[in-house]
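Me: I should like to take a close look at a single part of this protein. Please explain it in a connected way, as you would to a first-year student.

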Amino acid sequence: MAISRRQRPGAVTMSGWLVYLAALLNAIQGIALIIAAARPNRIGGTVAYYSDGYWIFNAILDLLFAAILVWLGRRLLEGDVNAKWTVMVLAVIDIIFAVFLLPYGALAIVLNVCVLLMLNSRESRRFFGQ
């Protein structure tokens, strides 16, 4: 079900691209964790404290989450209301966890708040049939 750009509001398109950006960042982090498992003594001092299984397990989770985000972004751009609600729930969860990472989580908070605002705008609600 392809929806043309003319029918899709800009807020929904921007939200979809932000979800794709989050998927890209998770994929990069997953690849970095695989490298950390392969070269434990060359990455940094904190790497030596964890086993290779720790890095590989987290890499698999990041890559899996990246794939899920790509799928959600595609569904969001197609107008799936369930994808909208799933992205909104994930954004709220990410905001909660980013608060614990302040000041490093500030960017995640700002981006997720933007996603929430864009998906709750009047034209977005109309697009998703709510």
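The part I have in mind is helix α3 and its surroundings. Which residues of α3 are buried, and against which helices do they pack?

Reply: It is best to begin with the whole chain and then turn to the helix itself. The model is a predicted one. The protein chain contains 6 helices and 0 strands, and its pattern along the sequence is α-α-α-α-α-α. The chain has 130 residues, 36% of which count as buried. Among the contacts with a separation of 6 or more, 69% are between residues 24 or more positions apart. The accessible surface amounts to about 8400 Å², with 68% of it belonging to carbon and sulfur atoms.

Helix α3 covers residues 52-78. With 27 residues at 1.5 Å a residue, α3 should span 39 Å, and its end C-alpha atoms are indeed 39 Å apart, so the expected and computed values agree. Just after the helix, G79 takes a positive phi of about 100°.

Your question concerns the buried side of this picture. The buried residues of α3 are W55, A59, D62, A66, L69, L72, G73, L76, L77 and E78. These residues pack against α1, α4, α5 (106-119) and α6 (122-127).

The packing against α1 can be followed through one residue. N26 is found in helix α1, which comprises residues 10-38. Its relative accessibility is 14%, and N26 therefore counts as buried. Setting aside neighbours within four places in sequence, N26 is in contact with D62, F65, A66 and L69. Of these partners, D62, A66 and L69 also appear in the list of buried residues of α3.

The nonpolar residues come next. In soluble globular proteins, nonpolar side chains tend to be buried together. In this model, the largest nonpolar core has 19 residues, and L76 is one of those with the most contacts inside it, together with V19, V87, V115, L116, L119 and F128. Helices α1, α3, α4 and α5 each supply at least two residues of this core. Apart from it lies another core of 5 residues, including W55 and A59 as well as A36 and A37. W55 and A59 belong to α3. Helix α3 thus has residues in the 19-residue core and in the 5-residue core.

F128 shows how L76 is met from another part of the chain. Leaving out neighbours within four places in sequence, F128 is in contact with L76 and also with V12, G79, D80, V81, K84 and L119. Its partners therefore include G79, the residue that lies just after α3.

The end of α3 also carries charged residues. Side chains of opposite charge can pair when their charged atoms come close. A search of the whole structure finds 3 salt bridges. In one of them, R74 is paired with E78, and the closest N and O atoms are 3.7 Å apart. These two residues are 4 residues apart in α3, so about one helical turn separates them. R75 also forms a salt bridge with E78, with an N to O distance of 2.9 Å. R75 and E78 are 3 residues apart in the helix, which again means a separation of about one helical turn.

How do the partners differ in exposure? R74 is partly exposed, with a relative accessible area of 40%, whereas E78 has 17% relative accessibility and so counts as buried. R75 is partly exposed as well, at 27%. A further salt bridge joins D80 and R75, at 3.2 Å from N to O. D80 has a relative accessibility of 17%, so D80 is buried. Through shared partners, the salt bridges join R74, R75, E78 and D80 into one network.

A view of the surface offers a contrast with the buried residues. V89, V92, I93, I96, F97 and F100 make a nonpolar surface patch of about 600 Å². F97 is placed in helix α4, residues 81-99. Its relative accessibility is 52%, and F97 therefore counts as exposed. Helix α4 is also one of the helices against which the buried residues of α3 pack.

How values were computed. Residues numbered from 1 in each chain as written. Predicted model: local features only at pLDDT ≥ 70, side-chain atom pairs only at ≥ 80, totals over all residues. Heavy atoms only, no water. Buried < 20%, exposed > 50% of the residue type's maximum accessible area, 1.4 Å probe, protein only. Contact = heavy atoms within 4.5 Å. Areas by Shrake-Rupley, 256 points an atom, 1.4 Å probe, with all protein chains shown as cover. Salt bridge = Lys/Arg side-chain N within 4 Å of Asp/Glu carboxyl O. Patch = residues over 30% accessible without salt bridge, like charges linked within 9 Å, V, L, I, M, F, W, Y side chains within 5 Å. Expected span 1.5 Å × (residues − 1). Core = buried A, V, L, I, M, F, W, Y, C linked by side-chain atoms within 4.5 Å.
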